[in-house]
Amino acid sequence: MWPSCYMYIYVNTTEAELQRNFTKLSELQEKVRNGTETEPLPPELQPLITGLDDQDSDNSVIDPVVRLFLKRQKRMQEVKKRREASMIERFQRFASKKYYSIRRGFLMTAIALRNLAVGLPPIEQLTREVAFANMKEPETETNQEERLKDEVGHGEL
């Protein structure tokens, strides 16, 4: 008799292929930086040298994998920068995040209590109030929107 349950190793082939592509791009980028790459890069790989500008994000010439690779590198640099931040910068970031978290909780509670006591306001007003309560730190808000835009269909990054 065979055991009633088996252990399977699940491999996300799309993610594995993406990781292989990222490794190849990283090696190619390193060769270009070191000057060991002799062949000219095709136009869709040029951003490996120049980086990704705001104008390039809408440009269809750039390979989508290259775009993801460069944005992932940028995100990793931001994480590294946050880790290497001074104690004061870390405390400021922590305090800011806590402030907006507590602010949101207070405002949402106030909205809920008002709705219980008086009834629901018009949906437009409620939408504006909830959007105001969900407001995040200005720099975090743009990073969050960019992350969501970048990772459509690529949750593993």
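Contact, as I use the word today, means heavy atoms within 4.5 Å. The model we are looking at is a predicted one. I will start with helix α5 and then move to α1 and α3.

Helix α5 covers residues 123–133. Which of its residues are buried? They are Leu 126, Glu 129 and Ala 133. Viewed down the axis of α5, the buried residues fall within an arc of 65 degrees, so they line one face of the helix. The general background is that an α-helix has 3.6 residues a turn, so residues three or four places apart point the same way. On the other side of α5, Ile 123, Glu 124 and Arg 128 are exposed.

What covers the buried residues of α5? The cover includes α4, residues 87–118. One residue to look at there is Ile 111, which is found in α4. Is Ile 111 buried or exposed? Its relative accessibility is 11%, and buried means under 20%, so Ile 111 counts as buried. Setting aside residues up to four places away in sequence, Ile 111 touches Leu 126, Glu 129, Val 130 and Ala 133. Take Val 130 from that list: Ile 111 and Val 130 are 19 residues apart along the chain, and their C-alpha atoms are separated by 8.2 Å.

Now the other pair of helices. Helix α1, residues 13–34, packs against helix α3, residues 64–83, at an angle of about 75 degrees, and the axes are 10 Å apart. The two helices are therefore roughly perpendicular to each other. On the α1 side, the contact is made by Leu 18, Gln 19, Asn 21, Phe 22, Leu 25, Ser 26 and Gln 29. On the α3 side, the residues are Val 65, Val 66, Leu 68, Phe 69, Leu 70, Arg 72 and Gln 73. By class, this contact has 8 nonpolar, 5 polar and 1 charged residues.

One of the polar residues, Gln 29 of α1, is buried, with a relative accessible area of 4%. Leaving out neighbours within four places in sequence, Gln 29 is in contact with Leu 48, Phe 69, Leu 70 and Gln 73. Phe 69, on the same basis, is in contact with Phe 22, Leu 25, Ser 26, Gln 29 and Leu 48.

That leads to the core. How many residues does the largest nonpolar core have? It has 12, among them Phe 22, Leu 25, Leu 48 and Phe 69. Helices α1 and α3 each supply at least two residues of this core. In soluble globular proteins, nonpolar side chains tend to be buried together.

Terms used. Residues are numbered from 1 along each chain as its sequence is written. This is a predicted model: local features need pLDDT of at least 70, side-chain atom pairs count only at pLDDT 80 or more; totals for chains, interfaces and linings use all residues. Side-chain values use heavy atoms; hydrogens and water are left out. Buried means under 20% relative accessible area, exposed over 50%, partly exposed in between (1.4 Å probe, protein chains only). Helices (H or I, at least four residues) and strands (E, at least two) are DSSP runs, numbered from the N terminus. The arc is that of the directions from the helix axis to the C-beta atoms. Axes are lines fitted to C-alpha atoms, for helices over the stretch in contact, and angles run from 0 to 180 degrees between N-to-C directions. Angles under 35 degrees count as roughly parallel, over 145 as roughly antiparallel, 65 to 115 as roughly perpendicular and the rest as oblique. Ala, Val, Leu, Ile, Met, Phe, Trp, Tyr, Cys and Pro count as nonpolar, Asp, Glu, Lys and Arg as charged, and the others, Gly among them, as polar. A nonpolar core is a set of buried Ala, Val, Leu, Ile, Met, Phe, Trp, Tyr and Cys residues joined through side-chain atoms within 4.5 Å.
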